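Student: Could you take me through one part of this structure up close, and then show me how it sits in the whole? I would enjoy one connected explanation rather than a list.

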Amino acid sequence: MTDTTTLSAPVAILGSGLCIPDEDIASELGFADAGVDASVLAPMVRRRTSMATQVAITALGRACTAAGIGHKLPAIFVSSVGEIQVTDKLCRAISQQDYPLSPTLFHNSVHNTAAGYWSMATGSMASMQAMGALDDGFALGLLEAWCQLQTVTKQVLLVVYDEDMPEQLLPDYAWKACAFALLLDRETRDRPLLHRPIQATGSDPALPVTDFTARNPAMAALPLFQVLQQATSGQQQITLSSGPWPWQVNMVMP
Amino acid sequence: MTTLPALPITACSVFSACGLGTQSLYQALLAGKHRLQPPRLFEIDFPAWCGEIANELLPELTPSLQKFSTRNARIALAAINHPADGLRSAVEQAIERYGAQRVGIVLGTSTSGIYETEKAYVWLKEHGQVPASFSLPSQHSWVATARFLQAELGLEGPCYVISTACSSSSKSLASAQRLIATGVCDAVLTGGVDSLCRLTMYGFKSLDIMSEQPCTPLDKDRNGISLGEGAGLLLLEKPHKNFSGCVHLLGCGESSDAHHMTAPHPEGKGAVIAMHEALAQAGITAQDIDYVNLHATGTVLNDSAEMLAMDQVFGPELHCSGTKGLTGHTLGAAGGIETIITWLSLKHGFRPGTCNLKQVDAAFHCSVNRDSETDVPVAFTMNNNFGFGGNNTSVILGEQHD
């Protein structure tokens with residue numbers, strides 16, 4: 001088994017990138033130049049891909065650009081519902097018995113659509129993970145990344161994303177598309193460091209309660225990205241999820 | 001990279017068109033008669049066969065967890081509850097042994113509760129809104145079935161879903177393995193579940209790869225897939241001398257084709273990487289493998305690419321077979337169910353045959369088993385699964401190996 005000294009081994013953030021296509025939301029959150037830039041995709045592919053795929057690929061591209069490396073790395077794509085707009089179109093067609101279905105819409109409905117297009121665009125033959133855990137998604141994506149870094153790879157890309165939610169599926173919430181990406185490294189030490197995400201064992205009344213699902217579960221990455229943006233040195237505990245036992249991560253800024 | 005510790009599979013269970021429980025699946029593999037039939041769950045306007053589970057075999061969810069009720073959740077619950085496989089009691093023992101927070105769940109699924117979402121859209125068309133019983137988080141979201149099992153079993157560790165189309169549940173095994181290898185969890189319930197729906201049935205039809213007859217993987221005249229549904233669930237635990245007699249998970253390999261959304265790399269380049277990586281992680285060589293359960297979907301392209309990849313890794317003496325002619329292609333559950341088929345191969349010293357195979361494609365060089373062989377020594381097995389997006393996995397099971 002892995003030596004217990006590695007149990008909380010920190011990993012470094014070599015690059016980060018985000019995409020918030022709605023300019024009002026982006027500026028309210030204090031992020032500039034957050035629009036979609038999926039130029040890594042060929043123009044014909046870009047026209048066929050959804051907002052979900054494009055925000056994920058945009059954020060990943062920015063994280064790689066910031067780090068100056070990374071396109072061929074293993075990548076972890078975290079989403080709650082993936083290609084929900086494509087799924088909406090297919091389910092409407094099915095409800096109207098409007099057959100045959102579009103073959104392009106069908107293969108673009110799988111949850112690893114963004115991962116597949118990223119791999120094809122970058123030529124990366126590394127592992128592409130597509131995973132989901134709703135409002136725990138960012139926390140468990142970080143945990144999956146941390147586990148991969150301790151066992152199978154020295155560097156990994158992580159992106160958490162979801163696109164606009166069709167209104168009728170979640171009437172009380174308005175999810176707007178966004179994506180947050182990190183390029184993580186096992187060995188570097190002079191960069192922002194993240195320890196292993198841990199789950200609170202009891203409710204801490206001092207913690208702010210945020211319902212990340214209200215705006216989009218990918219927004220669970222926001223507190224961490226705000227710390228990155230502020231770049232104040234020191235150590236702090238960041239809440240990564242909502243719920244009775246929220247996930248947290250200890251982050252150290254250089 | 002590093003060799004990961006061999007992890008014991010302390011319990012597993014399976015549900016498919018072959019019936020409930022590992023023993024039913026074993027008997028069906030020995031008999032080698034397909035369980036496919038035209039779909040009864042819903043009408044379709046083209047000829048197709050599928051491995052469907054009869055509605056009356058699906059248990060109801062407990063009233064307090066009704067918000068999670070989907071076909072997917074009910075299939076998984078049946079496998080959890082099957083007494084002869086003892087998966088529920090093994091999970092309960094793991095909770096007692098390690099504490100609920102040390103027991104995680106990583107499940108693979110491609111469909112999640114989309115069958116219920118389809119019904120919600122019919123209601124939407126007629127009433128202008130989805131029915132009150134529909135819950136996007138608890139039924140449609142990727143993690144819905146895993147959250148149900150977490151609540152049903154009282155697990156408190158990490159809970160997430162892998163959804164990479166047809167490789168989903170073999171990738172879930174790899175994630176579970178890492179959670180234990182790094183000490184995050186002491187036990188993880190893993191594998192996968194998928195259920196039939198119109199979206200996949202008409203979707204694969206739109207790609208023109210649905211066979212009009214029961215599918216015939218690896219046959220020279222193969223002409224497409226037959227869909228299936230089911231669950232293949234396994235409990236992985238950290239190594240302990242008490243589990244030395246268990247079949248162990250030895251290695252997982254994961255790769256991408258970087259080639260096409262639906263077509264495999266023509267020479268199986270990504271598949272070769274996944275198989276080599278699994279062997280390296282298990283610390284064994286290709287010569288050590290006694291049986292490979294192929295992905296073998298039954299499409300002309302998929303089977304050809306996989307067998308070209310096999311030629312690059314194995315010699316002609318390697319025994320392999322495909323079992324989707326028996327169960328149908330269970331998509332996100334295929335990795336779980338077919339890993340359990342290799343578990344059965346190790347447990348019983350047998351190599352399954354290739355159901356519906358008449359004449360193997362002459363272009364294939366590895367030794368494709370048409371019929372099941374019993375009383376053969378099997379120490380190491382591999383299971384391949386490849387999905388849309390060029391997503392490849394190989395999983396190696398075997399005796400504990402130092």
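**A close look at helix 8 of chain B**

Tutor: Let's begin at the end of the helix: right after helix 8 of chain B comes Asp208(B), which has a positive phi near 65°. Please keep in mind that this is a predicted model.

Helix 8 of chain B covers residues 198-206, and 7 of its 9 residues are buried, so the rest of the structure largely encloses it. Buried here stands for a relative accessible area under 20%. The residues concerned are Leu199(B), Thr200(B), Met201(B), Tyr202(B), Gly203(B), Phe204(B) and Ser206(B).

What do these buried residues pack against? Their partners come from both chains: helix 4 (84-95) and helix 5 (103-107) belong to chain A, while strand 3 (50-51), helix 4 (114-127) and strand 7 (227-228) belong to chain B. Take care with the labels, as there is a helix 4 in chain A and a helix 4 in chain B among these partners.

Another helix of chain B, helix 12 (residues 334-348), also suits a close look. Helix 12 of chain B has 15 residues, and the distance from its first C-alpha to its last is 21 Å, close to the 21 Å expected at 1.5 Å a residue. Of those 15 residues, 13 are buried, which leaves helix 12 of chain B mostly covered. Just after helix 12 of chain B, Gly349(B) has a positive phi of about 60°.

From helix 12 we can step across to Ser170(B), since Gly335(B) is one of the residues that Ser170(B) touches. Ser170(B) is part of helix 7 of chain B, which runs over residues 168-181. Is Ser170(B) buried or exposed? Its relative accessibility is 1%, so Ser170(B) counts as buried. Leaving out residues up to four places away in sequence, Ser170(B) touches Asn385(B), Thr393(B) and Val395(B) as well as Gly335(B). Ala120(B) is 50 residues from Ser170(B) along the chain, and their C-alpha atoms are separated by 30 Å.

Now let's zoom out to chain B as a whole. Chain B contains 12 helices and 14 strands, and 69% of its 402 residues are buried. The radius of gyration of chain B is 20 Å, which agrees with the value near 21 Å for a compact globule with 402 residues. Along the principal axes, the C-alpha atoms of chain B fill a box of roughly 60 × 50 × 40 Å. Among contacts in chain B with a separation of 6 or more, 78% join residues 24 or more positions apart. Chain B exposes about 12500 Å², with carbon and sulfur atoms supplying 50% of that area. Its 26 positive and 38 negative charges have mean positions 4 Å apart.

Chain A, which supplies two of the helices packed against helix 8 of chain B, has 8 helices and 9 strands. Its radius of gyration is 18 Å, close to the 18 Å from the globule rule for 254 residues, so chain A is as compact as a globular protein of that length. The C-alpha atoms of chain A fill a box of roughly 55 × 40 × 40 Å along the principal axes, and 61% of the 254 residues count as buried. For contacts in chain A with a separation of 6 or more, 75% are between residues 24 or more positions apart. Chain A exposes about 9500 Å², and carbon and sulfur atoms supply 51% of it. The centres of its 14 positive and 23 negative side chains lie 10 Å apart.

How values were computed: Residues numbered from 1 in each chain as written. Chains lettered and ligands numbered in written order. Predicted model: local features only at pLDDT ≥ 70, side-chain atom pairs only at ≥ 80, totals over all residues. Heavy atoms only, no water. Helix = DSSP H or I, 4+ residues; strand = E, 2+ residues; numbered from the N terminus. Rg over C-alpha atoms; globule rule 2.2 N^0.38 Å. Buried < 20%, exposed > 50% of the residue type's maximum accessible area, 1.4 Å probe, protein only. Contact = heavy atoms within 4.5 Å. Areas by Shrake-Rupley, 256 points an atom, 1.4 Å probe, with all protein chains shown as cover. Lys, Arg positive; Asp, Glu negative; His and termini not counted. Charge placed at Lys NZ, Arg CZ, Asp CG, Glu CD. Expected span 1.5 Å × (residues − 1).
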